[in-house]
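Before reading on, please take a moment to look over the chain shown below. The questions afterwards are meant for someone meeting it for the first time.

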Amino acid sequence: MVLVGGVGESLKELSACIDHLLRTTDSVCRFDEHLFSVLLPGCNEERALEVCERIRQEVAQVAVAVAGSGEMTLTASVGLTTWFPKQYPAVNMEQLSRQLINSATAALDKARARGGDAVDLARLTTLLL
């Protein structure tokens with residue numbers, strides 16, 4: 001797939017590329033300038049890792065047309081965090097969301113530190129109150 005157009009249009013196309021790999025109960029959204037967040041509710045860890053790996057592979061097939069420079073291929077570093085509410089019930093949803101973001105960011109940092117184009121996992125097993 002080749003993405004053509006402005007950054008905003010290319011991000012929309014990339015989001016759609018990721019979205020087609022997901023179940024109807026999952027969602028993808030732009031989280032930050034160059035970050036997407038994918039929510040996989042009710043998904044076990046093994047399946048989540050498979051989804052993340054498919055996303056990484058799919059993004060590697062994407063090329064972006066760059067004016068005057070031809071095409072640029074993309075890579076994806078993926079930070080996955082898991083949380084199992086039956087084992088670790090949340091008391092404070094705001095705190096839970098911060099911890100999930102921090103955990104996913106730590107996993108993303110580890111994937112990038114390994115050279116990028118990788119998937120890394122962090123498990124959220126302790127909820128701070």
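The questions and answers below concern a predicted model.

Q: How many helices and how many strands does the protein chain have?
A: The model is predicted, and read along the sequence its protein chain follows the pattern β-α-β-β-α-β-β-β-α-β. Counted by type, the secondary structure comes to 3 helices and 7 strands.

Q: What percentage of the residues in the protein chain is buried?
A: A residue is called buried when its relative accessible area is under 20%. The C-alpha trace of the chain spans about 55 × 30 × 25 Å along its principal axes. Of the 129 residues in the protein chain, the buried ones make up 35%.

Q: Which helix gives the most residues to the largest nonpolar core?
A: The largest nonpolar core has 21 residues, and those with the most contacts inside it are Leu 22, Leu 40, Ile 55, Val 59 and Leu 74. At least two residues of this core come from each of α1 (7-19), α2 (45-60), β6 (78-82) and β7 (119-123). The element that gives the most to this core, with 5 residues, is α2.

Q: Which residues are in contact with Leu 74, leaving aside its neighbours within four places in sequence?
A: Leu 74 is one of the residues with the most contacts inside the largest nonpolar core. Once its neighbours within four places in sequence are left aside, the residues in contact with Leu 74 are Leu 14, Val 59, Ala 60, Val 62 and Val 64.

Q: Why is there no bond between the sulfur of Cys 43 and the closest cysteine sulfur?
A: Cys 43 is buried, with a relative accessible area of 16%, and Cys 52 is buried as well, with a relative accessible area of 6%. A disulfide needs two cysteine sulfur atoms within 2.5 Å, and by this rule the count comes to 0 disulfides. The sulfur of Cys 43 has its closest cysteine sulfur in Cys 52, and this is too far for a bond because the separation is 8.4 Å.

Q: Is Glu 45 buried or exposed?
A: Glu 45 is found in helix α2, and its side chain makes a polar contact with the side chain of Thr 82 at 3.4 Å. Leaving aside neighbours within four places in sequence, Glu 45 is in contact with Thr 82, Phe 84, Leu 121 and Arg 123. Its relative accessible area is 18%, so Glu 45 is buried.

Q: Is Gln 61 buried or exposed?
A: Gln 61 has its place in the loop between α2 and β4 (63-66). Its C-alpha atom and that of Thr 82, 21 residues apart along the chain, are separated by 27 Å. A residue counts as exposed when its relative accessible area is over 50%, and with a value of 57% Gln 61 is exposed.

Q: What is the handedness of the β-α-β crossover from β6 to β7?
A: Strands β6 and β7 pair in the parallel sense over 5 bridges, and in β7 the bridge partner of Gly 79 is Asp 120. The strand β7 is mostly covered, with 4 of its 5 residues buried. The chain crosses from β6 to β7 through helix α3 (residues 93-113), and this β-α-β crossover is left-handed.

Terms used:
Residues are numbered from 1 along each chain as its sequence is written. This is a predicted model: local features need pLDDT of at least 70, side-chain atom pairs count only at pLDDT 80 or more; totals for chains, interfaces and linings use all residues. Side-chain values use heavy atoms; hydrogens and water are left out. Buried means under 20% relative accessible area, exposed over 50%, partly exposed in between (1.4 Å probe, protein chains only). A nonpolar core is a set of buried Ala, Val, Leu, Ile, Met, Phe, Trp, Tyr and Cys residues joined through side-chain atoms within 4.5 Å. Contact means heavy atoms within 4.5 Å. A polar contact is a pair of N or O atoms within 3.5 Å; within protein, one must be able to donate a hydrogen and the other to accept it, and residues adjacent in sequence count only if both atoms are side-chain atoms. Two strands pair if DSSP finds at least two bridges between them. A crossover is right-handed if, with the strands pointing away from the viewer, the path from the first strand over the helix to the second runs clockwise.
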